[in-house]
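User: I'm new to reading protein structures and I'd like some help with this one. Could we go through it step by step?
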Amino acid sequence: MSQGFTKGTPIDTDPTLSLNSDIVVPSQKAVKSYLAANYQPTLVSGTSIKTINSTSLLGSGNITINGNPSLGIVTGINITGTLAVSKSASVLIPANSITQNTVLEVLSRAIRVSGTGSTIYHDFYINTTDSLTGATLLGTFNPLTSTNTFGQGMRQLFIDTSVNQLSVVFSGATIGTDYVNSLTSTITFNPSNNYYIIFAVKLFNTGDTSRTQFGLIKKYV
Amino acid sequence: MYNITKIDGGFILNDTEYMFDEFRTHNSISETQAHVYTTNSIILLDLSCTIESTSFTDINSFLTNLYI
């Protein structure tokens, strides 16, 4: 038998949720008020709880978050038998993937696969096609001398889409980690175009073999 | 294959205009390639490019023609 009758309606089953508690049992209204004050309504994805990259957070299971801002990491092909500057690897920067004040950090390591006694240069370029022909030199890293087995370096590319410009420390120079704007050069960068960052190797002995061990591009916004 | 169009003080490649630096600096980096210094960048050109639709087999001749 229900407790707390009011005007013939049991307050603990009151369908209108309008009746107050009595001294014996809490009313439906009181229970509702308590729940509203202490518990969150059912979550609705995209409404009361945000999504991550359009993925709902509701339900069980795991969502893997890729915290790596990498645009791409590549391993290059071996270069041998030529003294020409040769593409070992490249990374596509897709059209419309760059926003205002993006920084691209480029890391490159070239290795001597075989051969000794001669220098190996490694540079990186940018082009709207995946080709060195017509490419713009963006960075020259310290070359591998005859005794070096690898060489690596890093550059930051600052992109200002409001003026369609990319700036990089003077492209023909090896650098330290600190520099000022007078050491940088600026080239046109149209974010609506595809661009390729091309990692290149130049041998000074056709019998040697070298390649880009890794080329990595991180994007910071 | 790209065709280079010469203009006064520079060239056009792939719809982009480049102006030579004041010293017309260039480096032959292999028998078929050169770095050509422009006012704000260094461009890699090679013998796969034609200049005004003319092909070249020697990088020095290519560069000489480019700067004439």
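User: Which residues is Ile197(A) in contact with, if we leave aside its neighbours within four places in sequence?

Analyst: Before we dig in, keep in mind that this is a predicted model. Two residues count as in contact if their C-beta atoms lie within 7 Å. With the neighbours within four places set aside, the partners of Ile197(A) are Ser90(A), Val91(A), Ile93(A), Val106(A), Phe124(A), Ile126(A) and Ile217(A).

User: Which strand gives the largest share of the largest nonpolar core?

Analyst: That core has 47 residues. Ile197(A) is among those with the most contacts inside it, and so are Phe124(A) and Leu44(B), to pick a few. The largest share is seven residues, and the strand supplying them spans residues 195-203 of chain A: it's β12.

User: How many helices and strands does chain A have?

Analyst: Let's walk along the chain from the N terminus. Two strands come up, then a helix, and after that it's strands up to the end. The tally for chain A is one helix and 13 strands.

User: What is the radius of gyration of chain A, next to that of a compact globule?

Analyst: Start with the overall span: along its principal axes, the C-alpha trace of chain A covers about 100 × 40 × 30 Å. A compact globule of 221 residues would come out near 17 Å. Chain A doesn't match that, as its radius of gyration is 31 Å.

User: What percentage of the residues of chain A count as buried?

Analyst: To count as buried, a residue needs 20 or more other C-beta atoms within 10 Å of its own. Apply that to the 221 residues of chain A, and the share is 28%.

User: Where chain B touches chain A, which element of chain B gives the most?

Analyst: The contact takes 17 residues from chain B and 17 residues from chain A. On the chain B side, β5 (33-37) and β6 (42-46) each supply at least two residues. The top contributor there, with five residues, is β6(B).

User: And how does that side of chain B split by class?

Analyst: Sort the residues into nonpolar, polar and charged. For the side of chain B that touches chain A, you get eight nonpolar, eight polar and one charged.

User: Which are the edge strands of the open sheet in chain B?

Analyst: Four strands make up this sheet, in the order β3-β2-β1-β7, with mixed pairing. Inside it, β1 and β2 of chain B run antiparallel and are joined by three bridges. An edge strand pairs on one side only, and here those are β3 (16-19) and β7 (50-51) of chain B.

How values were computed:
Residues are numbered from 1 along each chain as its sequence is written. Chains are lettered from A and ligands numbered from 1 in the order in which they are written. This is a predicted model: local features need pLDDT of at least 70, side-chain atom pairs count only at pLDDT 80 or more; totals for chains, interfaces and linings use all residues. The radius of gyration is taken over C-alpha atoms; the globule rule is 2.2 Å times the number of residues to the power 0.38. A residue is buried if 20 or more other C-beta atoms lie within 10 Å of its own, exposed if 12 or fewer, and partly exposed in between; C-beta atoms are placed from the backbone. Ala, Val, Leu, Ile, Met, Phe, Trp, Tyr, Cys and Pro count as nonpolar, Asp, Glu, Lys and Arg as charged, and the others, Gly among them, as polar. Two strands pair if DSSP finds at least two bridges between them. A nonpolar core is a set of buried Ala, Val, Leu, Ile, Met, Phe, Trp, Tyr and Cys residues joined through C-beta atoms within 7 Å.
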